[in-house]
Amino acid sequence: MVASARTAEADVSRRGFLRVSFAAASGLLVSLYLQPSPARIALGQEAAQGPPQPPKVFPPDAFVNIRPDGKIVIQVNRLEFGQGVHTGLPLVLADELDADWKNVVAELAPAADVYKDPLFGIQMVGGSGSIAHSFQQYRELGAKTRAMLVAAAADRWKTTPDKCRTEAGVVHGPSGQSATYAELASEAARKPVPVSVRLKSPAEFKLIGKRVKRIDSPAKCDGSLKFGLDLDVPGMKVAVVAHPPVFGARVKSVNDAEARRVEGVRDVFEIPLAKGSGVAVVADKFWPAKQARNLLKIEWDLAGVEAADTNELWIRYRELGRTPGTVAVSQGDASAIDKKATSDGIMAEYEFPYLAHSPMEPLNTTVRFDGDRAEVWAGSQFQTVDQMAVGEVLGLKPEQVTFHTEMAGGGFGRRAVADSHVQREAATIAKRLRGTPVKLVWTREDDVQGGYYRPMHLHRVEIAIGPDGMPAAWRHVIVGQSITADTPFASFTTKNGVDSTMTEGTADTEYAIPNFQVSVHHTKVNVPVLWWRSVGHTHSAFVMETLMDELALRARMDPFAYRRKLLKPDAKKTRRALDLLDQTTAAWRSKLPHGHALGVSCHQSFGTAVGCAVDVSIENKRPRIHRATVAVDCGLAVNPLSVESQFQAGLSFGLTQLMAKGAITLKNGRVEQRNFDGYVPPYIIDAPIAVDVHIAPSTEAPTGCGEPPVPVISPAVVNALSRLTGKRYRTLPLVSI
Amino acid sequence: MATYKLNVNGQQREVTVDPSTPLLWVLREDLKMTGTKFGCGISACGACTVHVGGIATRSCIVPVSHVGDRPIVTIEGIGQDAVGRAVQSAWVETDVVQCGYCQSGQIMAAVALLKATSKPTDQNIDESMGGNLCRCGTYPRIREAIKNAAMQLTKGAA
């Protein structure tokens, strides 16, 4: 722990207080402690009330550290796994601080109370909230730190702060004096933290709103950046686990004689899993561990374990879809449909398969257990939850578990798991190895077959069309597993038996439909499910936006005009995105080559409205996306370059569900795909050749951009295909056209 | 166990491992060069791409015993090469990376492409980069960065 020479504390807001300290070795350290948020998620020990306590964490316990060498080290309070927050939040703080951007160093913060999401109340990445929730927090931190540096300079020069100005890490006085932030750090630490501080006006921004390149790029282009899987802790062993072939099955017997003969294997033992049990193999290195696992002869006990089967599930889901479920929303009288002739309507049944996230970096966690404390290294979207889980397995309090956040190679929701099954697995193995650090590695096969998928869903929609071509009545039934059932998150997401993560994008549609009902059937299936980037919107936007296209065609209306007519008057952001899309595509969509078609969609998710238009032809019996244009209203674009990146690339992630082999299926409880040969995500040939992104100018609060790219692309592409072939595509994956 | 002499990024290295050990794991665990990534283990994602004897190779399926005396170049060494340097710099300038995990492999594949084809068409790019998976989906910027690197290299040569 860095010894603090002086400490000053002051209440700065109703939310928390700043703690400032100075240590000669480290410079000025600024932390902001947050009080529990009212919206916090009930997570057992998380319910502690009372005044905020300084967190018991290892150093650095600050958000900002102005070092004597002039470097400004900024702690990022959440995981970086591609979304750009490791650049985005530091640039926000640095702008208000008037720091010199080239001196800014960003670090991923360890698990600690101080780094909890200001809205969610746990340390996490989710809900596209990284910038949306911490923008104000990081601005205030920067502005307050700057104010203290200015106050210190004013004292030094016997003047007042209002006569000083700051630029690029230097305070300038009225008579030409100047001092760097590093020179002022020790004096600034003695100043009281300002209760309130003026934030910059948008005209004063130097970094916010500008196209700022990622600061982690060089290290990701020369192989020097260490991801969790790249960790090499002295004395470390590597573990792999043989998981049951059916979720929840248990080891009946294991013959490990051959496995133990592999040179470098240190131990083989049965371990309990979040569901069922497995066999862990610990070796000096990965390769012997994996070889030994292949040689295990395990007899599994499948008694009492449901053997899920996709084909049987579809039969069950189709039957359920024909009966009304628990009502999520009901306006007017949707039963008006029953009085209409079928020629005046649409009856559509959609099927969406299980999908694996399959981030490029396979799942992994490293743990060392030392009896009275433990150390964890993990690329985690849920530091608070995972830290508690490791503590639980090892009989430690969360504060006895030092939890390092490692850079992660993608995640898309897969590193935000309520049961922390990967961390529990690693901790269970580390417990036995006491004193020896162990890195648990999931192979790609473990990942593809390991569950925690985007759930299977069936949507059944009946629409009665009015004489004006607009939907007069709409009855919508959704069948699928609840992602949050049996987790602490259910109290947050589920009301009156409806998990809103399944109905988002339908029940809260921005289209004005007079007689409208959405109901759900939440099924129980022995397949673990999880949020997959953009969650319910992955399927809801597909259903809504392909139906909009079908309705527009029937009404012989332009897809833009139809949507505009049907959008609610208060759907301002979506309307703005749609208008911007209309303007920015007018030139190219009027001269599409023969054999090409236009596909359009628009959808709001996580507060961000997106319009998407694609130019598609059919090549080798697959859609070829020659061009995609995206129009976005995300409030203030904090880093427009990053927003553009998220949309350009996020479209490809969304295309996963259109791939011919973009599905996880089960037979007799066993997952039928093993690796990227059976479950095939999009490669470069499947992605749009070029994507242009247009951001609606806005001074409104920033909203998320991590997930909103995903929902719009697959309906837009399928709408184009329908125009080319005259067919409707309601069953995913898109096996054939 | 057997001992192998490998030429990695111009340096002679010696390792003693099981002959079946893929080159990927020798690089990562024995030589502690973790820039080359493990993604799938079946040559389906390209994250482990290195150059062996100048050819872009999936190191996850090449047993170390098959490498012989062919020189190996990894992401850690590709910057010593003019094309490698141009590609790395185009990647940074074009702000290609997101999570970054696949990018070592993408860069190694792009360097191999540009060494064979100085002005690649979209079709050349589709073919050469066709086996390199990026779950973030940075493909449009990868395409742009390859073209930017090609332009820089042509300018430099002129």
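This is a short walk through a predicted model, going from the meeting of two chains to some helices and single residues.

Let's begin where chain A and chain B come together. Here 65 residues of chain A are in contact with 53 residues of chain B. Together the two chains bury an area of about 4700 Å², and carbon and sulfur atoms give 58% of that. On the chain A side, the residues that lose the most area to chain B are A:Cys221, A:Met360 and A:Ile684, which together make up 18% of what that side buries. Charged partners appear at this interface too: the rule finds seven salt bridges across it. If you would like one to look for, find A:Asp230 and B:Lys37, which form a salt bridge with their closest N and O atoms 2.5 Å apart.

Now stay in chain A and look at a pair of helices. Two packed helices are described by the angle between their axes and the distance between the axes. For helix α13 (residues 537-554) and helix α17 (residues 709-725) of chain A, the angle is about 35° and the axes are 8 Å apart. The crossing of α13(A) with α17(A) is right-handed. Residues from both helices make the contact, including A:Phe542 and A:Leu553 of α13(A) and A:Val710 and A:Val718 of α17(A). Sorted by kind, the residues of this contact are seven nonpolar, five polar and three charged.

Another helix of chain A, α6 (residues 286-295), is worth a visit. Seven of its ten residues are buried, so α6 is largely enclosed by the rest of the structure. Among the buried residues of α6(A) are A:Phe286, A:Trp287 and A:Pro288, and also A:Lys290 and A:Arg293.

Next, zoom in on a single residue in a loop. A:Thr509 sits between α12 (500-503) and β25 (515-523) of chain A. Is A:Thr509 buried or exposed? Buried means under 20% relative accessible area, and A:Thr509 counts as buried because its relative accessibility is 7%. Leaving aside residues up to four places away in sequence, A:Thr509 touches A:Phe516, A:Met544 and A:Lys568.

Finally, hop over to chain B, where B:Tyr4 belongs to strand β1 (residues 2-8). With a relative accessible area of 15%, B:Tyr4 is buried as well. Which residues does B:Tyr4 touch, not counting those up to four places away in sequence? They are B:Arg13, B:Glu14, B:Val15, B:Val17, B:Pro19, B:Val64 and B:Ser65. You can also trace the chain from B:Tyr4 to B:Pro22: they are 18 residues apart in sequence, and their C-alpha atoms are 13 Å apart in space.

Note on methods. Residues numbered from 1 in each chain as written. Chains lettered and ligands numbered in written order. Predicted model: local features only at pLDDT ≥ 70, side-chain atom pairs only at ≥ 80, totals over all residues. Heavy atoms only, no water. Axes fitted to C-alpha atoms, helices over the stretch in contact; angles between N-to-C directions. Helix = DSSP H or I, 4+ residues; strand = E, 2+ residues; numbered from the N terminus. Left-handed = near helix turned anticlockwise from the far one by under 90°. Contact = heavy atoms within 4.5 Å. Nonpolar A, V, L, I, M, F, W, Y, C, P; charged D, E, K, R; others polar. Buried < 20%, exposed > 50% of the residue type's maximum accessible area, 1.4 Å probe, protein only. Buried area = accessible area lost by both parts, 1.4 Å probe. Salt bridge = Lys/Arg side-chain N within 4 Å of Asp/Glu carboxyl O.
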